[in-house]
Amino acid sequence: MPELPEVETVREGLERHVLGRTVREVTVTHPRAVRRHAAGAADLAARLAGSRFVTASRRGKYLWLALSGPGDGEALVVHLGMSGQLLVQPAHAPDPAHLHVRIRFEDGAGELRFVDQRTFGGLLVDTLVPAADRPVEHLPSLVAHIARDPLDPRFDERLFTARLRRRDSPLKRALLDQTLVSGIGNIYADESLWRARLHGERRAASLPRAAAGVLLGHVRDVLGEALRAGGTSFDALYVNVNGRGGYFERSLAVYGREGLPCPRCAAPIRRIAFANRSSFFCPSCQRPPRRPAR
DNA sequence: TATTTAACCTGGACGC
DNA sequence: TGCGTCCAGGTTAAAT
C-alpha cells in the first residue's frame, strides 16, 4: 500500500525512465482511472500528446510529471491510491491485469503503464500553481492543500508541532491528516507511534512539545528506513516502476502482527478498529489514555 | 470552523 | 464447489 516511501521510490524510477521523453499516444482503458480529470479521457490524452516529461516531483503521496511543449505549465498528476502501480514495460510485454492507462512515447521504447486493482488511484492533467509557502516552487493546484512531508528539507517542524498540539482529535488521526503532515499512512503511523511509545487514541493536544518532537523524529526514522528498503509490500499491491516490491515489511514491529510478541517487551500485539481502519499497538508499551480523544 | 463519518472499489480469505 | 460476508485503506464530500 503506497505511502511516502513507496511513492518516492516510484518517483525516482520515473525520473530515471521517463524524463526527457515525449508522449506520442495515451490510451485510457478504464475511465475510473481518470475520473479526476474533469474534461474526460479524450481531453487528457490530447493534452499529453506531443508533450515532454521534464521533472518528476512529489508532495506527500501525490506525484507529478511536469510537461514542456504543448502542455507547458501543466503536469500529469498521479495518485496511486491503495493499489496503483506505474510500470515501465516493453511495448511487446503482455498487458498486465487491471491495466487502465497506457502511455506510449515517440522513441518507441518501453511504455508507461498505470495498473490499479482497487481503482482508488488515478491520473489527471492539472495546472501548476505557485506553492503558498514558497511561490518560486510550483505544484499542481490539486496538491496545493497537501502539507510538506517530514523528509522534505523545507518541512517546518515548529509549525507542525504547534498545529499538532492544537488538535482536539486522536494522535493517530492527526498523523493521517495530509493537510497537517503528508506521506504518513496507516502502516507508518502505527510503526511511528509504537517507536514513540504513544497510543494512537491519545488526544493530540495533550502531547507535550518535547514528546511531539520525539514522535516526529520517529516518523522521520520510520519513513527514512522504509525508503532505503524500497518501501513495504503487501499482497504484491505495491511495486516500483520495474515491478519489484520493497522489503520494509520485514522490519515492521506492530503493523499486521496481531497476537505476535512485541519486539520490545514481548507482550502480544493488539489490533483495534480505529477510524474505519485497523490499528496495531503494544498494550504494554503504548498505554491507552485514561480519557481517549473522540 | 473543526472534526468525524461514509462511500468509493476489487479480490482474496474465510465460513458455511 | 459455490455463495455470501468481511477486510484491506487514501481521499474527500457530506454530515455532525
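**Notebook: a sheet and a helix pair**

I started with strand 1 and strand 6 (residues 99-105), which pair in the antiparallel sense over 5 bridges. I am working on a predicted model.

I then picked a single bridge. Valine 28 has valine 101 in strand 6 as its bridge partner.

Next I asked in what order the strands of the sheet run. I found an open sheet of 4 strands, in the order 1-6-7-5. The pairing is antiparallel. Which are the edge strands? They are strand 1 (23-28) and strand 5 (84-89). Each of these two pairs on one side only. I also looked up the turn between neighbouring strands of this sheet. On average it is 15 degrees, with direction ignored.

I moved on to the helices. Helix 1 spans residues 4-17, and helix 6 spans residues 209-228. They pack at an angle of about 40 degrees. Their axes are 8 Å apart. Is the pair parallel or oblique? Angles under 35 degrees count as roughly parallel, and 65 to 115 as roughly perpendicular. Helix 1 and helix 6 are therefore oblique to each other. I noted the handedness of their crossing as well: it is right-handed.

Last, I listed which residues meet. From helix 1 I wrote down Leu4, Pro5, Glu8 and Thr9. Opposite them, in helix 6, are Leu223, Ala226 and Leu227. I sorted this contact by class. It has 5 nonpolar residues, 1 polar and 1 charged. Glu8 is in the charged class, because Glu counts as charged.

How values were computed:
Residues are numbered from 1 along each chain as its sequence is written. Chains are lettered from A and ligands numbered from 1 in the order in which they are written. This is a predicted model: local features need pLDDT of at least 70, side-chain atom pairs count only at pLDDT 80 or more; totals for chains, interfaces and linings use all residues. Side-chain values use heavy atoms; hydrogens and water are left out. Axes are lines fitted to C-alpha atoms, for helices over the stretch in contact, and angles run from 0 to 180 degrees between N-to-C directions. Angles under 35 degrees count as roughly parallel, over 145 as roughly antiparallel, 65 to 115 as roughly perpendicular and the rest as oblique. A crossing is left-handed if the near helix is turned anticlockwise from the far one by less than a right angle, and right-handed if clockwise. Contact means heavy atoms within 4.5 Å. Two strands pair if DSSP finds at least two bridges between them.
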